[in-house]
Amino acid sequence: MAVTSASGAQSASGGLWAQLQLQQARRNADQAEQQAAALQSQARSAQSVADRAQENARSLQVQSRQAQGDASQARLNLATQNSVGEVQSQLGDLKTQISKVLQSEPLGATATTAAPVVNTSGQQTGTLVNVTA
């Protein structure tokens, strides 16, 4: 009977050992599931951050293109203003020159007398002759 109780004790301790292993396996499985759930949550959060960053990058690209267009338009306006300024300056110079010409003696106001030229016949040419009677 002593052999039977020893084998019964071994059987009971083997059953207890198997139960402990089963509980440990359950704990390990539960921990693995919790860790997987936490990692999935982190992955979703990281994906959300990445999506927002990508959308922000798209928005910045659009703003950059708009700013580039504004800069090009500003350069064009500046070039136009410079051209208009040059034309106005040249027109002012031309106006000054015209004013000076108009303020000088009018054409024909001074009579220039040409020296008479003697031709081969001894006659003077190049003089004014009054033909009105």
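Where in the protein chain is confidence lowest, and where is it highest? In this predicted model, the lowest mean, 77, belongs to strand β2 (residues 124-125), while helix α1 (residues 2-103) has the highest, at 91. The protein chain as a whole averages a pLDDT (the predictor's confidence in each residue, from 0 to 100) of 85, and 80% of the residues score at least 70. Because the model is predicted, local features need pLDDT of at least 70 and side-chain atom pairs count only at pLDDT 80 or more, whereas totals for chains, interfaces and linings use all residues. Residues are numbered from 1 along each chain as its sequence is written, and side-chain values use heavy atoms, leaving out hydrogens and water.

The protein chain contains 1 helix and 2 strands, where helices (H or I, at least four residues) and strands (E, at least two) are DSSP runs numbered from the N terminus. Along the sequence they appear in the pattern α-β-β.

Turning to the surface, 0% of the 133 residues count as buried, that is, under 20% relative accessible area, with exposed being over 50% and partly exposed in between (1.4 Å probe, protein chains only). About 12,000 Å² of the protein chain is exposed, 56% of it supplied by carbon and sulfur atoms; accessible areas come from the Shrake-Rupley method with a 1.4 Å probe, and for residues only the protein chains shown count as cover.

The structure holds 1 salt bridge, defined as a side-chain nitrogen of Lys or Arg within 4 Å of a carboxyl oxygen of Asp or Glu. This salt bridge joins E55 and R58, whose closest N and O atoms are 3.3 Å apart. E55 and R58 are separated by about one helical turn, because they lie 3 residues apart in helix α1. E55 counts as partly exposed at 47% relative accessibility, and R58 counts as partly exposed at 42%.
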